[in-house]
Amino acid sequence: MRKLVLLGAGYGNMRILLRLLNKELPADLEITLIDRTPFHSLKTEFYALAAGTAPDSDIRVALPAHEKLKVVEGEIAEIKLKDKAIALKNGDEITYDELVIGLGCEDNYHDVPGAAEYTSSIQTIGQSRATYKLLQGLGGGATVGIVGAGLSGIELASELRESRPDLKIKLFDRGPRILKDFPERLSNYVKDWFDKHDVEVVSNSNITRVEENVLYNHEDEIHVDAVVWTAGIQPVAIAREMDVETNRGRIVLNQYHQIPGYEDAYVVGDIADLPHAPSAQLAEEQAEQIVRVLRLVWNNEPLPNEMPEIKLKGFMGSLGKKQGFAYLADRTVTGRIARLLKSGVLWMYKWHNG
């Protein structure tokens, strides 16, 4: 049997499964998906789980069931590209003919002392559950610091405000304004929402150290009862430790999303070095191209001289359950319509994958 092994049940590999399992597959093909959990987690919604505005069941999507798909629940110990094998922490080893690595990312603490030890995370569903327990266990009037005002930080701060109106929330933004790389109208809308809902945005911040219940912004000492870190990501350690060419920790690929020198190994999602910021949308677009390449390889057909340029549609974010913002086709959308758009996209995703 020809073995295709997928590492990680993230957005990229879910799109690969959706495309492969819905069409005729080679008779001799066997697909194995390896993940630490027996379900797909909606990582873009972890902020709601941590804030307490969405139940755990809403963040999970069942993995597809198919006669050609085998799901292995386990932790990966090593990716052996030369041996074409995956070593699991339980001692098992799984060989492959083709491999797709989609193991995602973890927090990047930027060498800030104490950040790893004294902050909470929303990078995995397990970490998000722990953050939920911490935040919901705080007493009235407690102060929560959220470090990083990107999309995750913004959505967590707004959702936490709706869940816990009794908390003091400080959102630390490294830039001069929220979402500084996008139109000022978008920034102003988000900032106005925070002002109206009593979320303090600390602009031009630089968190230099974290201690238990203390943040240091530049040299200012700020006492907090909990800190959630949303200030950047990096590929997971197992990907960073691979003996391949990387750029800022991300794996350099050829135009077919293959690792040079190991053309039977593909990389999808956050650990791939691409000219776009990591996102679920990027992983899915990349997955579409990987499926195309795989089918050509299986049919012994030549690969195209050039692959199409990946073009992204934009992004959407929520401000609680009733308001939102979006940047689509170079246009800014705010308010109730933007929130409905995001809810609709999420519903469609669950419908197609659930």
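Begin the tour by selecting Val210, which stands opposite Leu215 in strand E15. The model on the screen is a predicted one, and every stop below is a place in that model.

Widen the selection to strand E14 and strand E15 (residues 214-217), and you will have two strands that run antiparallel and are joined by 4 bridges. They belong to an open sheet of 3 strands, whose order is E14-E15-E16 and whose pairing is antiparallel. At the edges of this sheet are strand E14 (207-211) and strand E16 (220-223), each of which pairs on one side only. If you look across the strands, you can follow how neighbours in this sheet are turned against each other by 20° on average, when direction is ignored.

Next, select residues 143-147, which form strand E11, together with residues 168-172, which form strand E12; these two strands run parallel and are joined by 5 bridges. Within this pair, Val144 has Ile169 of E12 as its bridge partner. Add helix H5 (residues 151-163) to the selection, and the helix makes a right-handed β-α-β unit with E11 and E12.

From E12, move on to strand E13 (residues 199-202), which pairs with E12 in the parallel sense over 4 bridges. Here Phe172 is the residue to pick out, since it stands opposite Val202 in E13. To see how the chain passes from E12 to E13, select helix H6 (residues 184-196), through which the chain makes a β-α-β crossover that is again right-handed.

Now turn to an open sheet of 6 strands, in the order E5-E2-E1-E9-E22-E21, where the pairing is mixed. Its edges are strand E5 (69-73) and strand E21 (258-259), and because each has a single partner strand, one side of each is left without a neighbour in the sheet. At one of these edges, E21 is joined to strand E22 (residues 262-267) by 2 bridges, and the two strands run antiparallel. Select Gln258 there, and its bridge partner in E22 is Tyr266.

Two helices that pack on this sheet are worth adding to the view. Helix H1 (residues 11-21) touches strand E1 (2-7), strand E2 (29-35), E5 and strand E9 (98-101), and the direction of H1 makes about 145° with that of E1. Helix H8 (residues 280-298) touches E1, E2, E9, E21 and E22, and the direction of H8 makes about 155° with that of E22.

Staying with the sheet, select E1 and E2, which run parallel and are joined by 6 bridges. In this pair Lys3 stands opposite Glu30 in E2, and the chain crosses from E1 to E2 through H1 in a right-handed β-α-β crossover. E1 also runs parallel to E9, to which it is joined by 4 bridges, and there Leu7 stands opposite Ile101 in E9.

For the last stop, select Gln255, His257, Leu274, Pro275 and Ile310, which are the closest to the centre of the second largest pocket among the 14 residues that line it. This pocket holds about 260 Å³ of space. How many residues of its lining are nonpolar, polar and charged? The lining divides into 7 nonpolar, 5 polar and 2 charged residues.

Key
Residues are numbered from 1 along each chain as its sequence is written. This is a predicted model: local features need pLDDT of at least 70, side-chain atom pairs count only at pLDDT 80 or more; totals for chains, interfaces and linings use all residues. Side-chain values use heavy atoms; hydrogens and water are left out. On a 1 Å grid over the protein atoms alone, a cavity is a set of points where a 1.4 Å probe fits but cannot get out, and a pocket is an open set with protein on both sides within 12 Å along at least five of seven lines; lining residues have an atom within 4 Å of a point. Grid points are joined across faces, edges and corners, and a volume is the space filled by probe spheres set on the points. Ala, Val, Leu, Ile, Met, Phe, Trp, Tyr, Cys and Pro count as nonpolar, Asp, Glu, Lys and Arg as charged, and the others, Gly among them, as polar. Two strands pair if DSSP finds at least two bridges between them. A crossover is right-handed if, with the strands pointing away from the viewer, the path from the first strand over the helix to the second runs clockwise. Contact means heavy atoms within 4.5 Å. Axes are lines fitted to C-alpha atoms, for helices over the stretch in contact, and angles run from 0 to 180 degrees between N-to-C directions.
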